Amino acid sequence: MTRCLLAACFLAGGAPLLAAAPVKLYVSADMEGVAGVVTGDQLGTTGFEYARFREFMTEEVNAALAAAREAGATEFVVADSHGNMQSLLPERLPSDVVLVRGTPRPQGMMQGLDATFAGVVFVGYHAGTTSSEGVRAHSFSSATLADVRLNGVSVPEGVWNAALAGHYGVPVLAMSGDDAVAREVKARLGDLETAVVKWADGFHAARTLTPEAARTVIRETVRRAVARRADFRPYRLASPIEVELRFKNYRPSEVLSWLPGIRRADAHTVRFTARDMVEAYRFLQFTLNYQAALEP
């Protein structure tokens, strides 16, 4: 019996068996792409449906986590990435999840990501601000930005965030949202798994799956993606990276252009050359969050 147990502890050649390496998964969760979301009534803290849709958002994340666990993921970091970044219900998440919560933070929707992760999953994502089709389509700030470009190409949040993941050598495996964001992100990233939970009929209208049906689609998609995680490659951009932000008003570009290294391309647009995506993300976060009257 003892000899059998000892033999089971060694590989051929006498090498000891090693514990399997952890498989870390990073989940970035937004809200506009959650099933059933169509207007600000579901998205903002004063909306009459916000409390209900916080629950639906949290359960879509839980569906992704459960499927990833079944497919081999062992460690999880979840970034609450909508609005004030306090939308997910912490008590509804599994006890072994690390939750990133609150704003502002230097890597925004991807805070806490590093090179130790095996992959990224986006839940509840939406199309970018230049899209004419997506539900609640915008890029980072619907009130402020009219375009966001990396190296001359307009990008939605999913592609921007994938580029940061690529900086760390981490691939995006799967994403859920509407049909518009699925087309938009796949056009740039290629082979990622997409869970379409609604079909845009306008900026504030969609044909949508029910919450339960959406969770089923997300589970199937994420399970498939994590199981074939070795097939995916990081989305890497060549450095240095040219960041271009186009504002809906002209004064932000005027004032930002007074800072060294920031060039005003036209009345509404500034450009900044970043050393890498980490610096690009910090620049974006600064432009969206800095106020002289910030407290405390």
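This report walks through three spots in a predicted model: a helix, a buried glutamine and a patch on the surface.

## Helix α5 and its neighbours

Let's start with α5, which covers residues 179-189. Several of its residues are tucked away from the surface: D179, A180, V181, A182, V185 and L189 are buried. What do they pack against? The buried residues of α5 sit against two strands that flank the helix in numbering, β7 (172-178) and β8 (193-202), along with β4 (119-125) and helix α4 (157-167).

Now look at the two ends. At the N-terminal end, D178 acts as a cap, with a side-chain oxygen 3.1 Å from the backbone nitrogen of A180. Past the other end, just after α5, G190 has a positive phi of about 80°.

## Q42, a buried glutamine

Next, find Q42 in helix α2, residues 40-43. Is Q42 buried or exposed? Its relative accessibility is 4%, and the cut-off for buried is under 20%, so Q42 counts as buried.

Who keeps Q42 company? Leaving out residues up to four places away in sequence, Q42 touches M31, G36, V37, E49, Y50 and F53. With E49 there's also a polar contact, side chain to side chain, at 2.7 Å.

## A nonpolar patch on the surface

Finally, head to the outside. Which residues form the nonpolar patch there? They are L259, F286, Y290 and L294, and together they have about 400 Å² of accessible area.

One of them, L259, lies in the loop between α7 (251-256) and β11 (262-266). L259 counts as partly exposed because its relative accessibility is 37%, which falls between the 20% and 50% cut-offs.

How values were computed:
Residues are numbered from 1 along each chain as its sequence is written. This is a predicted model: local features need pLDDT of at least 70, side-chain atom pairs count only at pLDDT 80 or more; totals for chains, interfaces and linings use all residues. Side-chain values use heavy atoms; hydrogens and water are left out. Buried means under 20% relative accessible area, exposed over 50%, partly exposed in between (1.4 Å probe, protein chains only). Helices (H or I, at least four residues) and strands (E, at least two) are DSSP runs, numbered from the N terminus. Contact means heavy atoms within 4.5 Å. A polar contact is a pair of N or O atoms within 3.5 Å; within protein, one must be able to donate a hydrogen and the other to accept it, and residues adjacent in sequence count only if both atoms are side-chain atoms. Patches are made of residues with over 30% relative accessible area and no salt bridge: like charges are joined within 9 Å, nonpolar side chains (Val, Leu, Ile, Met, Phe, Trp, Tyr) within 5 Å. Accessible areas come from the Shrake-Rupley method with a 1.4 Å probe; for residues, only the protein chains shown count as cover. A salt bridge is a side-chain nitrogen of Lys or Arg within 4 Å of a carboxyl oxygen of Asp or Glu.
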